[in-house]
Amino acid sequence: MADDVDKTNAAETTQQQQIVLIGEADSTNPNIRKYKNLTYDITDPKYQGLSKNALKRILKEEHWNATRDERNKRQKEKHKKKHAERRKLIEEGVIPAPPPKRPKVVNPSNVQVAIDCSFSSYMNEKEVKSLQAQLVRCYSANRHCERPMHLTITSFDDLLKGMFDTKEPTYSNWKDITFTNDTYLDKFDKSKLVYLSADSDNTIEKLDEDKVYIIGGIVDKNRYKNLCQNKAQEQGIETARLPIGEYLQMASRKVLTVNHVYEIMLKWLENEDWNQAFKAVIPGRKLKDSKWLDGAKEGNETQQEEGSVSKDTKDDESIEGNGKQQEGSISEDTKEEDETQQEERSVSKDRKDNEPIEDVEA
Ligand SMILES: C[S@@+](CC[C@H](N)C(=O)[O-])C[C@H]1O[C@@H](n2cnc3c(N)ncnc32)[C@H](O)[C@@H]1O
C-alpha cells in the first residue's frame, strides 16, 4: 500500500494545497483516501497543514475512538467466557473457590476486645507460633466481617513482637488493631473489663458495647485449667463464658482457640444469634459426638455460606498444620487495588510458611 507524501498532486482545491496525502485515493472519490484501515476526507479542514506523522496519529486516534464500543464488547465477552470457565472449574473442584470479600459497607461495632498476651512463659515456642498465627486470623476475620470490633493486643512482648517482625513485617500498618506492651489494666477502665473464660460460672448473654472483653492469648492444650479465670478473679475482674452449653451438647470440653472465640463474637454481632454464631465457627472436629440442642444435624450449615467469617475454617480438621487457607483468603482478595487490600495482601505474602494453628483445646 502506498505511503507516499504527495503535496504537489494535492491541488484539487486551494484548501487542499497544504495537505500531506498518505494512502491511496478511493477509485470513485479522489477526495477520500485510505491509509491502512483508516479512511479520511482530504477536504476536511482538520487535516490541513499537518505533518505526515501528525496526520497518521490523528487518523489512528480517530480509528481507536470509533472502534471503542466494539472493542469493549469483545473485551466483555472475553471476560465473561473466562469467568464462566473459572466458575466451572470451581464447581468441579479443580480450583478452590475464592475467599470471602471484604464487605463493601462496613458497620463497625463499638464492642472492644483485648487479647491478653501475657502468657509467653506458659508456652513452648511452637505454641507461641500458633498464638501468633491465631492473632493474624483474628485480624483477618476483623477485616473481612460485617461488624468489626476494636481489637487491642495487650502485653505484646518481645517474643511475639519478634515473630511478627519476621512473619508479618507490615503489621504496624494494620488497621483497626493496636499492639501494645501495656497490660489491659493499663489501657482500660477496670470496671468495663470482662475476662472471657470457659471456666467461669457466669454465662454471657449478649455483647455489650460498653464492655471490653478480654480473651486469654494462650495456646496451652488445656494444661492450665482456670489460668485465666483465676487471674481475672485475683484482679477483681468480671468473668464470663460463652453460652455454648445452651446450644450444643459437647463431648469434649468447651474450650476454644483465641481466633474461634473472636470469630464467634464477630458472627454474633451480625445478627445477635449465638446458635448461628456457634454453628458458623465451631470446627467440625469439635462437633464429633456432639449434639446441637435445636436438633440440627452435626456439622455446619452456615459455614458453607460464601462470605461467612469462618468459611476458611470450615474443615477445621485441617486447621492444625494449616494456616494457609485463610492466609490465601487475605491475599486473593486483592482484585480491588485499594490501599486496604494491598495492605492485607502483604499479610499473606509475608507468611509463606504453613504455620500450624492449634485448634480447639482438648
Ligand atoms: C485456649 S483458651 C485458654 C485456655 C486457658 N487454659 C484458660 O485458662 O483460659 C484461649 C482463650 O479463649 C477464651 N475462651 C476459650 N473458650 C471459651 C469459652 N467457652 N468461653 C469463653 N471464653 C473462652 C478464653 O479467653 C481463653 O483464655
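1. Burial and the chain as a whole. A residue is buried if 20 or more other C-beta atoms lie within 10 Å of its own. On that count, 35% of the 362 residues of the chain are buried. This is a predicted model. Its secondary structure comes to 10 helices and 11 strands. Among contacts with a separation of 6 or more, 71% link residues 24 or more positions apart.

2. The sheet. Six strands form an open sheet, and the pairing is parallel. The order is β6-β5-β4-β8-β7-β9. At the edges sit β6 and β9 (238-240), each pairing on one side only. From one strand to the next the twist averages 25°. Helix α6 packs on this sheet and touches β7, β8 and β9. The direction of α6 makes about 155° with that of β9.

3. Strand β5. This strand covers residues 150-154, and four of its five residues are buried. Strand β4 (residues 112-116) pairs with β5 in the parallel sense, over five bridges. Between these two strands, Ala114 stands opposite Thr152. The chain gets from β4 to β5 through helix α3 (residues 125-143). That β-α-β crossover is right-handed.

4. From β5 to the edge. Three bridges join β5 to strand β6 (residues 177-179), again in the parallel sense. Ile153 has Phe179 of β6 as its bridge partner. Helix α4 (residues 158-167) belongs to a β-α-β unit with β5 and β6. This unit is right-handed.

5. Strand β8. Here five of five residues are buried, across residues 212-216. Which residues cover each face of β8? Val212, Ile214 and Gly216 lie on one side, and Tyr213 and Ile215 on the other. Both faces are covered.

6. Neighbours of β8. On the β4 side, the pairing with β8 is parallel and runs over five bridges. Ile115 has Ile215 of β8 as its bridge partner. Strand β7 (residues 193-196) is joined to β8 by four bridges, and these two also run parallel. In that pair, Tyr195 stands opposite Ile214 of β8.

7. The annotated position. UniProt lists Asp220 under "active site", in an unreviewed entry. The annotation may be inferred rather than shown by experiment. Asp220 is in the loop between β8 and α6 (227-235). Is Asp220 buried or partly exposed? It has 19 other C-beta atoms within 10 Å, so it counts as partly exposed. The cut-off for buried is 20 or more. Leaving out residues up to four places away in sequence, Asp220 touches Tyr122, Met123 and Glu127. Anyone using this site should keep the source of the label in mind: it comes from an unreviewed UniProt entry.

8. Helix α7. Residues 258-271 form this helix, and 12 of its 14 residues are buried. The buried residues include Val258, Val261, Ile264, Met265, Leu266 and Leu269. Asn259, His260, Glu263 and Lys267 are buried as well. So are the aromatic side-chain residues Tyr262 and Trp268. What do the buried residues of α7 pack against? Their partners are β4, α3, β7, β8 and α8 (274-281). Just after α7, Glu272 takes a positive phi of about 55°.

9. Helix α2. This helix has 24 residues, 68-91. From its first C-alpha to its last it reaches 34 Å. That is close to the 34 Å expected at 1.5 Å a residue. How many of the residues of α2 are buried? The count is zero, and the helix is hardly covered. Gly93 follows α2 and has a positive phi, near 75°.

10. Burial side by side. Helix α2 has zero buried residues among its 24, whereas helix α7 has 12 of its 14 buried. Within the sheet, strand β8 is buried in five of its five residues. Strand β5 is buried in four of its five.

Technical notes:
Residues are numbered from 1 along each chain as its sequence is written. This is a predicted model: local features need pLDDT of at least 70, side-chain atom pairs count only at pLDDT 80 or more; totals for chains, interfaces and linings use all residues. Two strands pair if DSSP finds at least two bridges between them. A crossover is right-handed if, with the strands pointing away from the viewer, the path from the first strand over the helix to the second runs clockwise. Two residues are in contact if their C-beta atoms, placed from the backbone, lie within 7 Å. Axes are lines fitted to C-alpha atoms, for helices over the stretch in contact, and angles run from 0 to 180 degrees between N-to-C directions. The expected span of a helix is 1.5 Å times one less than its number of residues.
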